[in-house]
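Hi everyone, thanks for coming. Let's take a few minutes to walk through a structure together, so please have a look at the screen.

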Amino acid sequence: MTKNILRLVLGVVFLVILLQVQMSSFSTAGTTDFSNFNFKEYLNKPCVALTFDDGPHQIFTQEILAILKAAGAKATFFVVGKQVKLFPDLLKDIAASGNEIGNHTYHHLNLTTLSPQEVQEEIKSNEVLIKQVTGMDPRYFRPPGGHYNANVVDIAREDGEDMALWSITSNDTDRPTVDYICKRVLLNVENKSIILMHSGVQQTLEALPILIRELKKKGFSLVTLSELDEGGPKS
Ligand SMILES: [Zn+2]
């Protein structure tokens with residue numbers, strides 16, 4: 001009985017010492033104070049992904065990159081192989097800027113009209129080219145015009161790429177006004193929206209700074225598709 005009490009007392013003393021050591025090491029090593037940090041708010045910070053298709057574009061890609069950089073925003077560029085072949089340095093610039101590169105096939109054809117072999121060639125040849133130029137393997141694939149069938153999805157997946165469509169289109173290829181593009185996006189945006197825009201449209205370029213400013217005002221972080229899938233910005 002006495003032995004048991006002694007064991008209990010020793011156990012409590014040991015625990016108290018252990019706790020003190022833990023606390024002192026935490027307070028000396030830890031300079032970060034998490035007492036007021038709202039983890040829930042941080043983890044739930046709403047994000048949107050801007051995506052720019054059909055580039056690299058001879059003039060607009062650099063301008064889009066500059067706007068994104070100035071605003072501290074990131075986006076995803078779905079590039080077309082025949083454009084990459086013309087402007088490989090622009091693809092390198094996209095990669096170097098920390099924006100994401102997605103596969104938008106080599107010739108930008110409607111994949112539902114092609115044979116499985118042709119679909120594979122369209123996806124694979126662009127993937128190989130992107131890797132050659134940037135050293136990176138695209139994680140996402142977007143079918144031109146959003147045209148796909150089960151075959152297309154399977155072939156992309158076999159190639160290690162997930163199909164990524166969009167939840168809001170800016171309809172920018174119809175060349176609407178800047179005001180239309182902004183309203184269409186801002187009135188429909190929600191957490192994890194994926195916004196479709198294009199690299200070669202003047203109105204898109206003019207709408208972009210306004211869109212970024214207003215999306216930020218609404219509390220959204222502008223992230224790449226990978227970051228959107230992983231729950232938030234990496235930096
Ligand atoms: Zn396209």
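Let me start with a question: is lysine 183 buried, partly exposed or exposed? Its relative accessibility is 46%, so lysine 183 counts as partly exposed. Please keep in mind that this is a predicted model.

Who is the partner of lysine 183? Its side chain meets that of aspartate 179 in a salt bridge, with 2.9 Å from N to O. Both residues sit in helix H8, which covers residues 178–188, and they are four residues apart, about one turn of the helix. Aspartate 179 is partly exposed too, with a relative accessible area of 44%.

That salt bridge has company, as the structure holds nine of them. Let's visit helix H9, residues 202–217, where lysine 217 and glutamate 214 lie three residues apart, again about one turn of the helix. They form a salt bridge, and their closest N and O atoms are 3.2 Å apart. Glutamate 214 also meets arginine 213 through their side chains, in a salt bridge of 3.1 Å, N to O. How accessible are the two partners of glutamate 214? Lysine 217 counts as exposed, at 62% relative accessibility, while arginine 213 counts as partly exposed, at 47%. Elsewhere, Lys124, Glu127 and Asp159 are linked in a network of salt bridges.

Now for the metal. Which residues coordinate the zinc ion? They are Asp54, through OD, and His104 and His108, each through NE2, at 2.1 Å. Along the chain, these donors follow the spacing D-x49-H-x3-H. Aspartate 54 belongs to strand E1, residues 47–55, and histidine 104 to the loop between strand E3 (100–103) and helix H6 (116–134), so the pair links distant parts of the chain, 50 residues apart. Here is a nice contrast: histidine 104 counts as buried at 1% relative accessibility, whereas aspartate 54 is partly exposed, at 29% relative accessible area.

Last stop: two helices. The axes of H3 (residues 60–71) and H5 (residues 88–96) come within 10 Å and cross at roughly 10°. The two helices are therefore roughly parallel to each other. Where do they touch? Thr61, Gln62 and Leu65 in H3 meet Leu90, Asp93 and Ile94 in H5. Sorted by class, this contact has three nonpolar residues, two polar ones and one charged one.

That's my tour. Thanks for listening, and I'm happy to take questions!

Key
Residues are numbered from 1 along each chain as its sequence is written. This is a predicted model: local features need pLDDT of at least 70, side-chain atom pairs count only at pLDDT 80 or more; totals for chains, interfaces and linings use all residues. Side-chain values use heavy atoms; hydrogens and water are left out. Axes are lines fitted to C-alpha atoms, for helices over the stretch in contact, and angles run from 0 to 180 degrees between N-to-C directions. Angles under 35 degrees count as roughly parallel, over 145 as roughly antiparallel, 65 to 115 as roughly perpendicular and the rest as oblique. Contact means heavy atoms within 4.5 Å. Ala, Val, Leu, Ile, Met, Phe, Trp, Tyr, Cys and Pro count as nonpolar, Asp, Glu, Lys and Arg as charged, and the others, Gly among them, as polar. A salt bridge is a side-chain nitrogen of Lys or Arg within 4 Å of a carboxyl oxygen of Asp or Glu. Buried means under 20% relative accessible area, exposed over 50%, partly exposed in between (1.4 Å probe, protein chains only). Donors are N, O and S atoms within 2.8 Å of the metal (3.2 Å for Na, K and Ca); water is not among the atoms, so sites may look incomplete.
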